Amino acid sequence: MHLYEKKVLKAIGEAGGEVLPDDVAQSQSLDIKQVMSAAGALESKGIIEVEKDVDEFLSLGPSGADYAQEGLPERKILEALHEENTIHMKDLSSKSGIETSEVKIAIGWLLKKGWALLDKGNVTITPEGEKALEKPGIDEILLKTIMDSGKMLTLNGLSSSLKEGFQLLKKRKGLVNLNKSSNYTFRVTSKGQKILDHGFEIKEEATQLTHDQLKTGTWKNLHYRGYDITAEHPLVFPGKMHPLQRTIQEIRRIFLNLGFTESRGTILESAFWNFDCLFQPQDHAAREMQDTFYVKSPQNTQLPPDDLVEKVSQAHEDGGHTGSEGWGYQWDKEVARQSVLRTHTTCVSARFLAENKPPLKMFSVGRVFRRETITYKHLPEFHQVEGIVAAEDINFKNLLGILKEFYHQLGFEVRFRPAYFPYTYLSTECEIYLPEKESWIELGGSGMFRPEVLEPLGVETPVAAFGLGIERLAMIRLGIKDIRMLYQSDLGWLRNLPVTQLYSEK
């Protein structure tokens, strides 16, 4: 128990098992806040019971005090009507002595109480009103009673008739106030009595150390307060990075630590860099509008220098100087000008090779777009990480080693399966193993860039390339089955993700 809890329990025991908070505060030299806080803790532990008794006291509001002395506005009008029987509304203020602003309210209450009738602006007293002149109303009696009693009149202490008067006054703003006062009584429980019978020591407890205590060594003789690490605590939802962004940052960190340079590209790209430069034929199915987003404005883009365009054209038509036969068709420059939302980040690699000479290691992370039907595992917009390594002695085995190290740092076992891509040979798909499902899942493709890609760019060294999906990787690490969760602002899910360890155990 805390020091204050011990003092409160001691005071209850000394008082015979029942005591008021003010008596505890006085006997133990505590302020009332300390007493109530300690009592709440003792009650939560079942050591004491806290009985709360709420009293409701009546007091007069600003208008109520005036009306208690001078009379309600409708009473003054009633007295004026008694003299003249009927008075027009515009004359009520002058003849009754009430404020003009009170006339409409007073007439309303005259009608509610049945003291008068209103007809074409004329207010006429009723027989019921004549009777009301003989004695005050129940609301008027209550106003006088509150004024005479000061602050000691409680709502529960009113008679049934005076309670009816309270209901009437409560409907009128500023006449009566209802003030609540809470009284507490502490009683020891059987559990608390056992603790009292057993006895306990009250000793000052240290909760923090001062510079002097550390300097003089007196901290060694202090009695330290214990802490319950299992105690309830308020829920805190600190700011944190979105889990998808956290995955992207971890991927960036891995490649930067492996010595790669990061590059960025534009989302709006030409078909030349997105397809043609990568030796993807102009009649390839991936170029169809059902697979690729074509942009209306700008509909066409500017092509690179003519010598590069000519070399790419030759690679497509007859292989150029690569020793390949090409695709054997008439390459169309206008098709290459078309504007598209990039379908992969490999176009960033192509541009980087055109602008930089090997040896080099480059990666990029960015959004890509494909005309996909939205499902639990597909979106028309997602992220890829792309990378290339170019040097004289780079080979397919080096590529596999880089990818193996990348997935190893993410905590996955990886294997490679032969695959086909238009712009790489040899080509492979990367698969990681999921122990809980006892199965392998494909996460990306890789391979060695073909000569038809490299020769037009003026690259004479081998180039290893890879492109990996990020959303599916994030889903696996986060333990979710619907890719849409990564883009929906589900605060419940986001709040429950830990700040430092965002991924489920594999």
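Select Lys 45 and Glu 5 to begin: the two side chains form a salt bridge, with their closest N and O atoms 2.8 Å apart. Lys 45 sits in the loop between α3 (32-44) and β2 (48-60), while Glu 5 belongs to helix α1 (residues 3-14), so this pair ties together parts of the chain that are 40 residues apart in sequence. Keep in mind throughout the tour that what is on the screen is a predicted model. Colouring by accessibility separates the two partners, for Lys 45 is partly exposed, with a relative accessible area of 36%, whereas Glu 5 is buried, with a relative accessible area of 9%.

**The pocket around the first pair**

Stay where you are and show the pocket surface, since Glu 5 and Lys 45 are among the residues that lie nearest the centre of the second largest pocket, together with His 2, Ala 41 and Arg 225. This pocket has a volume of about 460 Å³, and its lining is made up of 17 residues. Which helix gives the most to the lining of the second largest pocket? It is α3, with five residues, and both α1 and α3 supply at least two residues each. If you colour the lining by residue type, you will find six nonpolar, five polar and six charged residues.

**More salt bridges**

The structure holds 23 salt bridges in total, and a few others deserve a stop. Select Glu 18 and Arg 187 next, whose side chains meet in a salt bridge at 2.9 Å, N to O. This pair links distant parts of the chain, as Glu 18 lies in strand β1 (residues 18-19) and Arg 187 in strand β6 (residues 176-188), 169 residues apart. Both ends count as partly exposed, Glu 18 at 42% relative accessibility and Arg 187 at 26%.

Move on to Glu 70 and Lys 76, another salt bridge, in which the closest N and O atoms are 3.7 Å apart. Here Glu 70 counts as exposed, at 53% relative accessibility, while Lys 76 counts as partly exposed, at 22%. Then select Glu 74, Lys 113, Asp 139 and Arg 172 together, because salt bridges that share partners join these four residues into one network.

**A loop residue and its contacts**

Now go to Gln 299, which is found in the loop between α14 (271-274) and α15 (306-317). Gln 299 is exposed, with a relative accessible area of 55%. Which residues is Gln 299 in contact with, leaving aside its neighbours within four places in sequence? They are Arg 337, Gln 338 and Ser 339. For the last of these, a distance drawn from C-alpha to C-alpha reads 5.4 Å, although Gln 299 and Ser 339 are 40 residues apart in sequence.

**The open sheet**

For the next stop, switch to a cartoon view and select seven strands, which form an open sheet in the order β7-β10-β11-β15-β14-β13-β12, with mixed pairing. At its edges are β7 (261-262) and β12 (414-418), each of which pairs on one side only.

Within the sheet, select strand β11 (residues 381-390): nine of its ten residues are buried, so this strand is largely enclosed by the rest of the structure. On one flank, strand β10 (residues 360-369) and β11 pair in the antiparallel sense over ten bridges, and Phe 369 has Glu 381 in β11 as its bridge partner. β11 is also joined to strand β15 (residues 463-469), by seven bridges and again running antiparallel, with Glu 386 standing opposite Gly 467 in β15. Following the sheet further, five bridges join β15 to strand β14 (residues 439-449) in an antiparallel arrangement, and there the bridge partner of Gly 447 is Ala 465 in β15.

**Last stop: Phe 369**

Return to Phe 369 in strand β10. Is Phe 369 buried or exposed? With a relative accessible area of 9%, Phe 369 is buried. Show its surroundings and, not counting residues up to four places away in sequence, you will see that Phe 369 touches Ile 267, Phe 293, Leu 341, Arg 342, Thr 343, Pro 380 and Glu 381. From this group, pick Thr 343 to end the tour: its C-alpha lies 5.0 Å from that of Phe 369, while the two residues are 26 residues apart in sequence.

Technical notes. Residues are numbered from 1 along each chain as its sequence is written. This is a predicted model: local features need pLDDT of at least 70, side-chain atom pairs count only at pLDDT 80 or more; totals for chains, interfaces and linings use all residues. Side-chain values use heavy atoms; hydrogens and water are left out. Helices (H or I, at least four residues) and strands (E, at least two) are DSSP runs, numbered from the N terminus. Buried means under 20% relative accessible area, exposed over 50%, partly exposed in between (1.4 Å probe, protein chains only). Two strands pair if DSSP finds at least two bridges between them. On a 1 Å grid over the protein atoms alone, a cavity is a set of points where a 1.4 Å probe fits but cannot get out, and a pocket is an open set with protein on both sides within 12 Å along at least five of seven lines; lining residues have an atom within 4 Å of a point. Grid points are joined across faces, edges and corners, and a volume is the space filled by probe spheres set on the points. Ala, Val, Leu, Ile, Met, Phe, Trp, Tyr, Cys and Pro count as nonpolar, Asp, Glu, Lys and Arg as charged, and the others, Gly among them, as polar. Contact means heavy atoms within 4.5 Å.
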